[in-house]
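Colleague: I've got the model open and I'd like a close look at one part of it, taken slowly. Could you pick a place to start and walk me through what I should be seeing?

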Amino acid sequence: MDTIQAILNSMLREAISPQTAAVAIAAIGLNVHFGFTGLLNIGQSGFMLLGAYGFAISIGHGLPLIVGVLLGFAAALVFALVLGAPTLKLRGDYLAIVTISAAEIIRYVGRSALLTDFTGAAQGLQGVSYRTPFTNLSFFGDGDSTLSPFNIYDIAGGAVWVRLVGWLALAACIAGIVLLVKAGRARPTVARRASRDAGGRLTPAAGTESRADLGADARQVTAVSAPVRRMGIGALIALSVFLLFFLMPTSYQDTGVSGWWVRFVAWLLVAVCLLVVYLLVRSPWGRLLRGIREDEDAIRSLGKNVFAIKMQALIIGGLFGALGGMLYVLPASVQPDSMGRSLTFFCYTALLLGGAATIFGPVLGAVIFYAARIMIKGVANAYIPDSIMNGQQTEQFSFIVVGVALMLIVIFRPQGILGNKRELRFNV
Amino acid sequence: MSESTVARSDLADPATRQALMAGVDATPGSAKPDSILVVDNIVRQFGGITAVDVSHLEVQRGIITALIGPNGAGKTTFFNLITGFDKPSSAKTGAHWSFDGATLDKTSASSVAKAGMVRTFQLTKALSRMTVMDNMMLGAQGQAGENLLKCVFKPLWSGQEKAIEEKAKELLQRFKLLEKKDDYAGSLSGGQRKLLEMARALMSDPKMIMLDEPMAGVNPALTQSLLGHIQSLRDDGTTVLFVEHDMHVVRHISDWVAVMAEGRLVAEGPADTVMSDTAVIDAYLGAHHDTDLGDDALLSDQAMVEIQQEVAAEQAEREEEA
Ligand SMILES: Nc1ncnc2c1ncn2[C@@H]1O[C@H](COP(=O)(O)OP(=O)(O)OP(=O)(O)O)[C@@H](O)[C@H]1O
Ligand SMILES: [Mg+2]
């Protein structure tokens with residue numbers, strides 16, 4: 001029981017860690033590239049590393065925090081321009097080749113001894129050299145806090161029955177969320193669409209012309225229940241989050257190196273990024289992105305400047321990547337080797353797991369990906385004797401399982417958790 | 001503006017169009033009284049073969065011009081060249097073409113469309129994983145919401161969006177696709193995709209529309225109403241250039257016919273004249289079905305008048321309905 005509780009606790013810690021949030025943001029950027037525009041960027045870690053270097057080097061040299069952030073963004077912007085200018089006019093595969101090699105070049109330049117004064121070469125930059133201005137912003141004060149302050153140990157000292165009831169309630173909440181989301185999807189085309197771009201471009205207004213088919217009835221039903229359903233989903237999500245922290249009380253320093261402060265900022269930024277992406281993709285500009293993903297030439301024939309729009313998408317996704325990179329190094333250090341190809345693949349795993357071309361997919365995917373990896377590692381450590389698999393091997397084993405899981409997702413649920421299966425039927 | 005309205009109402013009348021084109025020589029590359037598109041020395045070679053080699057072609061404004069020719073004559077390649085989807089091999093040796101007075105030699109495909117010359121594709125390009133409505137909305141020009149800086153502020157574009165949506169619905173209604181508006185375009189049949197593509201092209205109110213085999217795969221009843229629609233486009237002042245293999249259709253609606261064979265422009269003229277032209281019959285009999293063309297040659301003027309009356313009656317009926 002205690003082992004299971006410990007594994008669950010570490011899963012939760014990993015799920016809410018600032019680095020998970022950082023990967024979620026980078027995956028949101030990748031979603032703009034790959035999910036919405038169809039740009040195959042295999043060098044997202046390059047954008048992240050540039051953002052991190054821009055941020056860490058400038059602050060390390062005494063520039064203010066805001067300048068550091070802006071320089072990180074500027075580096076990613078230039079990177080996007082340099083990569084995009086020659087390749088966005090060519091077929092999609094060229095961008096893939098160029099991005100993956102450019103990201104590797106950035107990493108090798110970063111770890112080369114030539115620029116040791118700036119990048120610290122392979123040793124990287126220590127967090128202390130750039131973290132202080134950010135920590136000083138904290139209004140959380142010193143000391144430790146536990147989330148949630150009211151938790152299982154307050155009821156009957158965390159007896160087994162309390163835990164069981166709690167977990168059952170959590171399972172019920174999650175089942176409720178799944179049911180509500182599915183109910184919104186299962187309806188005929190009109191309803192599905194209305195729930196998809198929650199902006200409601202078509203929702204009740206579409207009821208004006210009368211059509212004597214099934215869709216007309218369903219439309220009315222959804223028109224009534226859509227806001228209620230959305231509120232229900234929101235309430236259940238809030239309740240599940242509370243239950244998680246109720247069942248697995250987690251404590252950190254309030255500010256500290258890697259405490260609640262950096263977690264708070266990280267997840268706040270995730271929320272802001274989600275909002276920005278939502279605003280972007282529900283607009284006609286977002287429609288253009290999807291059009292380009294489907295068929296560039298068709299969009300060209302309609303008088304749209306495809307190159308400019310692809311460039312805009314590449315830059316925006318790259319800026320998300322840079323922001324993710326800055327967050328990634330904030331509680332740790334800038335290590336070029338920890339931000340290589342595998343980080344890009346983690347971003348892709350998160351994206352595909354959650355569902356490409358959905359709003360929440362990348363975040364959900366990142367959380368599940370990191371939590372699942374810790375779970376595999378924890379279970380293997382606890383229940384597989386060291387003679388079969390030692391600590392280091394479980395680490396590698398967890399990556400193998402994740403890789404196999406990714407393959408299974410792509411084969412059996414290519415649309416990811418939140419994706420729309422119907423869209424995939426028309427693969428071109 | 002006033003000048004063009006006069007011209008519009010004029011060209012809606014068949015007699016005026018006939019009178020206008022009667023003065024034009026029925027020879028390849030002849031000059032037109034008011035050409036909207038002028039093409040000079042456009043050559044495109046693929047390896048050894050010359051797909052297009054047109055030394056001069058003018059397209060008259062405000063009428064329907066048909067571009068015909070056997071398979072592989074270079075019609076699609078010609079479309080690609082003048083709409084910026086392909087570059088002529090003769091780019092540096094005198095290729096020159098202009099649309100509505102503006103030179104297009106080095107213009108990108110999107111700028112050509114922006115200038116008012118919109119095309120459709122022989123192999124349709126429906127945006128499969130988007131709804132029919134989204135496909136249509138993409139066709140509209142000058143959308144404020146397509147600007148990255150404005151797109152996050154919905155009030156800046158929601159009004160325009162509604163207007164565009166209304167227009168899209170109207171067009172979809174006319175093309176019998178309204179019931180499909182929330183389906184994915186990928187779920188449409190081949191003929192429906194043709195219709196969608198044509199409707200989408202019309203969303204931009206083009207000055208000139210270039211249709212590559214718009215009727216291929218569309219059922220006869222709908223073809224009739226599409227022909228009516230193309231004619232009403234012309235009557236509203238849009239220039240139409242279309243590629244078509246069905247000689248009945250060509251005869252039915254075109255005011256002028258240009259014939260290509262093996263990349264060259266071999267004949268031009270009114271439908272009747274062209275179809276009895278020996279060069280044209282040669283070009284077709286060599287490579288194409290012979291019966292159709294033969295049948296058409298038998299069609300008398302009286303039959304033409306009958307067809308036209310039929311169409312007029314149908315149109316009147318439709319207008320009554322509306
Ligand atoms: N991309 C290409 N590469 C090589 N040859 C090509 C290419 N595109 C067209 N061609 C050749 O150019 C010639 C003209 O082709 P085009 O598609 O323009 O014919 P078309 O008149 O449109 O015929 P259809 O009526 O069958 O559509 C053909 O001989 C074709 O093989
Ligand atoms: Mg063709």
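**A helix first, then chain B**

Modeller: Let's warm up on helix H11 of chain A, residues 260-281: with 22 residues at 1.5 Å a residue, this helix should span 32 Å, and its end C-alpha atoms are 31 Å apart, so the two agree. Keep in mind that this is a predicted model. The buried residues of H11(A) start with a run of four, Trp260(A), Trp261(A), Val262(A) and Arg263(A). Further along, the buried set takes in Val265(A), Ala266(A), Val270(A), Cys273(A), Leu274(A), Val277(A), Leu280(A) and Val281(A). It helps to recall that an α-helix has 3.6 residues a turn, so residues three or four places apart point the same way. With that in mind, try stepping from Val270(A) to Cys273(A), Leu274(A) and Val277(A), which are among the buried ones.

Helix H14 of chain A, residues 306-329, passes the length check too: its 24 residues should span 34 Å at 1.5 Å each, and the end C-alpha atoms are 35 Å apart, which agrees. In H14(A), 20 of the 24 residues are buried, so the rest of the structure largely encloses this helix.

One more stop in chain A. Leu147(A) and Ser148(A) are joined by a cis peptide bond, with omega at about -10°. You'll find Ser148(A) in the loop between strand E1 (144-147) and helix H8 (160-185) of that chain.

Now over to chain B, and to strand E3, residues 64-68. Here 5 of the 5 residues are buried, so E3(B) is largely enclosed by the rest of the structure. Both faces are covered, with Ile64(B), Ala66(B) and Ile68(B) buried on one side and Thr65(B) and Leu67(B) buried on the other. What does E3(B) pair with? One partner is strand E8 of chain B, residues 239-243, in the parallel sense over 4 bridges. Within that pairing, Ala66(B) has Phe242(B) as its bridge partner. Another is strand E9 of chain B, residues 256-261, also parallel and over 4 bridges. There, Ile68(B) stands opposite Val259(B).

If you follow E9(B) to its end, have a look at Glu262(B), in the loop that leads from E9 to strand E10 (264-269) of chain B. Glu262(B) isn't a glycine, yet its phi is positive, near 50°. With a relative accessible area of 71%, Glu262(B) is exposed.

There's also an open sheet in chain B, with 4 strands in the order E2-E1-E4-E5 and antiparallel pairing. Strands E2 and E5 of chain B stand at its edges with a single partner strand each, so one side of each has no neighbour in the sheet. Inside it, E1(B), residues 35-46, pairs antiparallel with E4(B), residues 96-99, over 4 bridges. Val39(B) and Trp97(B) face each other across that pairing. E4(B) then pairs with E5(B), residues 102-103, antiparallel over 2 bridges. The opposite pairs there include Ser98(B) with Thr103(B) and Phe99(B) with Ala102(B).

The hairpin of E4(B) and E5(B) has 2 residues between the strands. One to click on is Asp100(B), in the loop between E4 and E5 of chain B, where phi is positive at about 55° although this isn't a glycine. Asp100(B) counts as partly exposed, at 29% relative accessibility.

For contrast, try Thr131(B), in the loop between strand E6 (117-119) and helix H5 (132-138) of chain B. Thr131(B) is buried, with a relative accessible area of 0%. A polar atom of the Thr131(B) side chain lies 3.1 Å from the backbone nitrogen of Asp134(B).

Last, ligand 1. There are 13 residues around this ligand, and Asn71(B), Lys75(B), Thr76(B), Thr77(B) and His245(B) come nearest. By type, the shell divides into 4 nonpolar, 7 polar and 2 charged residues. Which oxygen contacts should you look for? A polar backbone atom of Gly72(B) is 2.9 Å from an oxygen atom of the ligand, and a backbone N or O atom of Ala73(B) is 3.2 Å from one. From a side chain, an N or O atom of His245(B) is 2.8 Å from an oxygen atom of ligand 1. Taken alone, ligand 1 exposes 630 Å², and the protein buries 61% of that. Strand E2 (49-60) and helix H3 (75-82) of chain B are the elements that give two or more residues to the shell. H3(B) makes up the largest share, with 3 residues.

Conventions. Residues numbered from 1 in each chain as written. Chains lettered and ligands numbered in written order. Predicted model: local features only at pLDDT ≥ 70, side-chain atom pairs only at ≥ 80, totals over all residues. Heavy atoms only, no water. Near = heavy atom within 4 Å. Polar contact = N/O pair within 3.5 Å; in protein donor to acceptor, adjacent residues only side chain to side chain. Areas by Shrake-Rupley, 256 points an atom, 1.4 Å probe, with all protein chains shown as cover. Nonpolar A, V, L, I, M, F, W, Y, C, P; charged D, E, K, R; others polar. Expected span 1.5 Å × (residues − 1). Buried < 20%, exposed > 50% of the residue type's maximum accessible area, 1.4 Å probe, protein only. Pairing = 2+ DSSP bridges.
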